[in-house]
Amino acid sequence: MTHFFANQPSRRARIVLGVGLVALVATSGAVAQGTRWYVAADVGQSKYSTESRDVGIIGGSFDRKDTQSGVAVGAQLAKGIAVELGFADFGKAKISGLGATPCPPVAIGCTLAVYNISGDAQAKATHLSLVSSVPLIDGLSLYGRLGAARTDRSASVRVNNDIVSTSAKKSEAIYGLGLRYAFTPSVEGTLEWKRLDNTKADSASLGLMLRF
């Protein structure tokens, strides 16, 4: 079931990953004595870009959406610049229905081999990101995320009475865009869209940040 996820990183993913790593290395030397730390948590909805035809589904349901959740710890290095270490669970893409092995293009009198299929695929990522923000209006700021993720991807599928399971770890780029509102100097709310580039998984989430 490797078709649940893209197998090769795109040229864009390699470029973004390289830029993110360079930025993190360059910024790591800027940690000053006045660094302010924070913790954050978020929850929302994830969506996988895999289509039903990618996994051979010809009938039934293919649910590519699930609940996403994440936690992170960050260091505010300077005004508008932070480095963040986090973990995100993008949930599961679930399938249930009928699959089929297509006939060869030149086959004559071929009959489709139809079988029952059910299962799920999921992605969990540990990521290190550079987060840059700019103020918009009083208490509200816009921020962007760019970094590197180590993603644990797995799939388990039942075909008739047989179960096929696969898993793999992948290094890839993670990036996102969000809004942050300061309720108090120590408590902020967030609204963020983020994406795992090679896994082709997106999420939209609401979060809470506590500064120390």
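**Group meeting: a strand-rich predicted model**

Let me begin with I174. Setting aside neighbours within four places in sequence, I174 contacts H127, S129, R145, L146, G147, A148, A149, K194, R195 and L196. This is a predicted model, so please hear everything that follows in that light. I174 sits in strand β7, residues 162-182. Is I174 buried or exposed? Its relative accessibility is 0%, so I174 counts as buried, the limit being under 20%. From I174 to T126 the C-alpha to C-alpha distance is 10.0 Å, and the two residues are 48 apart in sequence.

Now the chain as a whole. The protein chain has one helix and nine strands. Starting at the N terminus, the order is α-β-β-β-β-β-β-β-β-β, with the helix ahead of the strands. The chain has 212 residues, and 41% of them count as buried. Of the contacts with a separation of 6 or more, 64% are between residues 24 or more positions apart. The exposed area is about 11300 Å², and carbon and sulfur atoms supply 61% of that.

Next, the cores. In soluble globular proteins, nonpolar side chains tend to be buried together. Which residues make up the largest nonpolar core here? There are ten: Y48, A88, F90, A93, A123, A125, A149, I174, L196 and A201. So I174, where I started, is one of them. Strands β4 (81-101) and β5 (113-137) each supply at least two residues of this core. β4 gives the most, with three residues. There is also a second, separate core of six residues, including A40, V131, Y143 and M209.

Going back to the ten-residue core, take A125, another of its members. Not counting residues up to four places away in sequence, A125 touches G86, F87, A88, A149, R150, T151 and L196. Among those, A88, A149 and L196 are also listed in the core. A149 and L196 appear again in the contact list of I174.

On to strand pairing. How many bridges join β5 to β6? There are 20, and the two strands run antiparallel, with β6 covering residues 140-159. As one example, S118 has R158 in β6 as its bridge partner. The hairpin of β5 and β6 has two residues between the strands, and G139 there takes a positive phi near 85°.

A second positive phi is at K200, about 60°, although K200 is not a glycine. Where is K200 found? It lies in the loop between β8 (187-196) and β9 (201-211). K200 has a relative accessibility of 25%, so it counts as partly exposed.

Last, the aromatic side chains. A pair of aromatic rings is described by the distance of the centres and the angle of the planes. The count in this model is two aromatic pairs. One of them is Y181 with F183, at 5.3 Å centre to centre and with 75° between the planes. That angle is over 60 degrees, so the pair counts as edge-to-face. Y181 has a relative accessible area of 38% and is therefore partly exposed. F183, at 55%, is over the 50% limit and so counts as exposed.

One more ring to mention is that of Y143. The charged end of R180 sits over it, 5.0 Å from the ring centre. Y143 is also the residue I listed in the second core.

That is what I have; questions are welcome.

Conventions: Residues numbered from 1 in each chain as written. Predicted model: local features only at pLDDT ≥ 70, side-chain atom pairs only at ≥ 80, totals over all residues. Heavy atoms only, no water. Helix = DSSP H or I, 4+ residues; strand = E, 2+ residues; numbered from the N terminus. Buried < 20%, exposed > 50% of the residue type's maximum accessible area, 1.4 Å probe, protein only. Contact = heavy atoms within 4.5 Å. Areas by Shrake-Rupley, 256 points an atom, 1.4 Å probe, with all protein chains shown as cover. Core = buried A, V, L, I, M, F, W, Y, C linked by side-chain atoms within 4.5 Å. Pairing = 2+ DSSP bridges. Phe/Tyr/Trp six-rings, centres within 6.5 Å; stacked < 30°, edge-to-face > 60°. Lys NZ or Arg CZ within 6 Å of the ring centre and 35° of its normal.
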